[in-house]
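Reader: I'm new to this one. Could you walk me through it, one question at a time?

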Amino acid sequence: MQLSSFTLKNGMQVIVLENHRVPLVSHAVAYHVGSFNEPRGKSGLAHLTEHMMFRASKHVKEFLSEQSDNGIYGNAYTSEDHTLYHGLMDISKLELAMAMEAERMHNACMNTEGFTREHKIVYQERKEVIDSSPTRFCIWERLYPMLWEGTRADHSIIGSEQDILALTKEDLRTFYHRWYQPQNAILLLSGDITVAEAQTLAEKHYGKLKNTSPLPVLPKDLPPLVEETNLVLRRKDVKAPVFYRCYRLDQGFLSKQEQLALLLLQKYCFKETNPFKEDLIRKQKIFSTLTLYPYYCSGLGTLEFTGNLVTPHPLEELVQIFTTAMEKALKTLTEQHLEQAKRDVRYTGIYREDDLGNLAIWVLEQYYNGFTLDEIQNYESLLNTVTVADLRAVWQKVCNAPAKINGLLEKCA
Amino acid sequence: LAKSLQRTGKNQRFIGEMRMTILSYSILALIVLLIMALGVFFHHRRTVYNPRRILAHPFFKNRLFKDKTVEIFSSDKSVSAYFWEDHSAPMINLHFSFDKAGFAYEKKPGVASLLAAMLFTASKKYNKETLQNLLNDNGIRCSFYHMADTVEADFTFVKESTATLISLFQEAFYHPVFTKDELSLSKNKLETKWKKYQEDPYTMIVPLYQKDLFGNHPYANNPYQDAEVLAKLTAKDLTKHMEQCFAKDVLDIGLAGDLTPMEASALLDGLFANLKPTSDSADLPVPQPEWNAPHTELALPCGAQTFISCVFPAVERTDPDFPAFRLICNILAHFRGILQDVLREQNALTYGVHYVLRFNNASSRCAIRTSSQHPDKLIPLMVKTYNDTYQKGIPAEWFERHKKAYIDKYTSEFNSLSSIVAKIHYNNRSHLSTDYGEKELAAVKALTLEQLNDVFKRRFPSGLQGNHGARFYIGTPPAKA
């Protein structure tokens, strides 16, 4: 990976990933703002703001048309800790994409007409994506908010129905001016571009933008109210019952080394033939599929275990079965297993570089999780320092996480 | 008097001098103001978003893109592949499919899905654990899946693992072992997959309308089966399906990555030389869907809003009208199309509208899809917008915008080896030439508005709803979950 970085005078950071296979470039601007930054009762604000960014600005009638008409595959997403506007394009369109994004950063309009429409569209999106899916609804709208109660992570990115409907144009305007500033943004360029070219263009289009106000400091999260919660959810439209266990990993709970250990633990558990899956899928035949998924944003995260049930079991029993199987799997973990997991991550790294956009997003996520660009560049060397003892230790630490939630989603009788 | 006159003369001189001074200062001030105004003007020109100026002075020059697809052959010429040579990273992507092996060609329901789930799990020489370790340790990623017509495979591997891949392929693909235990686990997985499928209204509406559209034809079969159907399948059924369907004459391959054409040919020899020459699968009868019908309501098993699919016959990719057909689909139902503009951007009645083209051996379709909380408002507006456009023809402005976007976006389809390999495999499977992409691009560049509207009149339904050559499916959600 050819990774370089520099910072513009206004504080905007630029990351360049060179890849000269085809004359294409992925251009992305990430703002360090997401659903974590939403004031209480204003869930969905970051996402709705992202939607509004595709409407008008002072000099652009509509961004989506402007991009599309010029051959730029433009899109955006909102996460818990960042909002990313990205596009894949022929290199000849890059300067235009930069000029457009700079315009969006300092000249976006929050007009009433656009707001009214986008407000309704987001509501439709919620109906289609969340309310139409029993699993997504139960995990994001019921289990997550309970696990993170009293923190900035206690609501879904798309926002609750009630909050979405109550958002105003003024809310969006304030949010935009507060967070959409060069000092809170990272420009990611990945593809057929050199650092010198990136520097010339970044300074020309983004260097002139001024910061409008100091960035607000987020309040500290409250500690969890309940250590462990069990929740059984029943819906008519559930066909495949799911068991879900999630560990809450508060800010700074895991060091960078521990985050890497957890990633390797996931790779070990994900393998079809490891003792964990052998036991729960093949021998006991309790689950048909299993996933273990660590997820972080800005150092705060979760470790999620999801299993599709073959036969019904009470929730308490499933929790016991899962923890026993994990303990057994950790006991049988060897150096060889760890080496296999490391190889797996290494190959994933090689294949990740194949896709210009995905690579840029991966770099960004690691960066927000506290890894320096040097560490990201040397990710493989960092992985090599993780030992079997580290994996066992991180599992012990996760078991003592500040809060856990167990969920069982099944069909109504 | 003389003194007074002297003074007056002095005053006049003084006044004259003053005038000159004021005039000079005024000119100077005007020059300064002019310079400032010019400064502001040029600063404004530099800083304000101005696409014309940027495009008139391109920063990047002479970086032309060229499609590099070539056809390569195995040493005995019995197997061919579309190949893209690329040495920018030490990795290779391989995508291949066996035609007439998918769920529409099954002798026993579910056999194609079960086979795809079980390929590369174990072989005569390697049990599951050994095989998984060998694949993992050599960075070989593989997945098999099934469609209506095909069973397909994706392989990603690093160059140094090529020889290992060939030897593992020889074992796992030609001498697979389907143990009772593994069969049972794969059936559990497939059953879950089908249940999950039924929890998603967006995917579930497709088998529902295909049942209505195709009746007893195999294209109406479900892509996955439930436990009861899967329970009847044995290892023998899988072997039989393989023996019947996997052959060189139905094999289509796309290959891209860090190989020379000679190395790529050797890879074809190593992987596919042992296949039998011809498949035993018969062609499907051509289905005769009823395209002229009023709208049809479908009861969805899940969902919190109404899901709509409007289906009509698509133009084949080999047809000369195809470039225009695809461009019209973009103009109508792309995310920046006319329907999206009216239904979403102007009236906020939906999260989005898009279209899907499905090319099957015996039937090709285009489906325009959307969903809404307000079907009572959305459906009439959708139908009216389409009908009006059909009557009046595509407006020139929409044609120019989408034609330009199509041309500008062409290179973006070559973003990654995996997208390149998917594209060239698809061209191979559709019997299109290696340079088809550039030909289609040239055809779009040459299109006129008159030609486009001619294709619109001849190849599209004259209305979305009613008896106009399209089927309008309204998927209604169940009562509150």
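Reader: Is B:Asp137 buried or exposed, or partly exposed?

Author: This is a predicted model, so let's go by computed accessibility. Buried would need under 20% relative accessible area, and exposed would need over 50%. B:Asp137 has 24%, so the label is partly exposed.

Reader: And which residue does the side chain of B:Asp137 meet in a salt bridge?

Author: The partner sits across the chain boundary: B:Asp137 is in helix H4 (residues 128-137) of chain B, and the other end is in helix H12 (residues 335-352) of chain A. That partner is partly exposed, with a relative accessible area of 24%. The N to O distance is 3.2 Å, and the residue is A:Arg343.

Reader: How many salt bridges does the rule find across the interface of chain A and chain B?

Author: Side chains of opposite charge can pair when their charged atoms come close. One bridge across this interface joins B:Arg336 and A:Glu62 at 3.1 Å, N to O. Those two also belong to a network of salt bridges with A:Arg55, A:Glu118, B:Arg344 and B:Glu345. Across the interface of chain A and chain B, the count is eleven.

Reader: Which helix gives the largest share of the side of chain A that touches chain B?

Author: Between the two chains, 40 residue pairs are in polar contact. The largest share of chain A's side comes from a helix covering residues 112-131, with eleven residues. That's helix H4 of chain A.

Reader: What area is buried between chain A and chain B?

Author: Start with the contacts: 79 residues of chain A touch 77 residues of chain B. Carbon and sulfur atoms give 55% of the buried area. On chain A's part, A:Arg21, A:Gln124 and A:Tyr351 supply 10%, more than any other three residues. The area buried between the chains is about 7,300 Å².

Reader: Within chain B, why are B:Glu191 and B:Lys195 separated by about one helical turn?

Author: These two form a salt bridge, with the closest N and O atoms 3.3 Å apart. Both lie in helix H6 (residues 180-198) of chain B. They are about one turn apart because their spacing along that helix is four residues.

Reader: B:Asp280 and B:Lys276 also meet in a salt bridge; which of them is exposed?

Author: Their N to O distance is 3.0 Å. B:Lys276 counts as partly exposed, at 26% relative accessibility. The other residue has 53%, so the exposed one is B:Asp280.

Reader: Last one: what is the mean pLDDT of chain B?

Author: For the whole model, ipTM is 0.90 and pTM is 0.90. In chain B, 96% of the residues reach 70 or more. The mean pLDDT of chain B is 92.

Technical notes:
Residues numbered from 1 in each chain as written. Chains lettered and ligands numbered in written order. Predicted model: local features only at pLDDT ≥ 70, side-chain atom pairs only at ≥ 80, totals over all residues. Heavy atoms only, no water. Contact = heavy atoms within 4.5 Å. Buried area = accessible area lost by both parts, 1.4 Å probe. Salt bridge = Lys/Arg side-chain N within 4 Å of Asp/Glu carboxyl O. Polar contact = N/O pair within 3.5 Å; in protein donor to acceptor, adjacent residues only side chain to side chain. Helix = DSSP H or I, 4+ residues; strand = E, 2+ residues; numbered from the N terminus. pLDDT = per-residue confidence, 0-100. Buried < 20%, exposed > 50% of the residue type's maximum accessible area, 1.4 Å probe, protein only.
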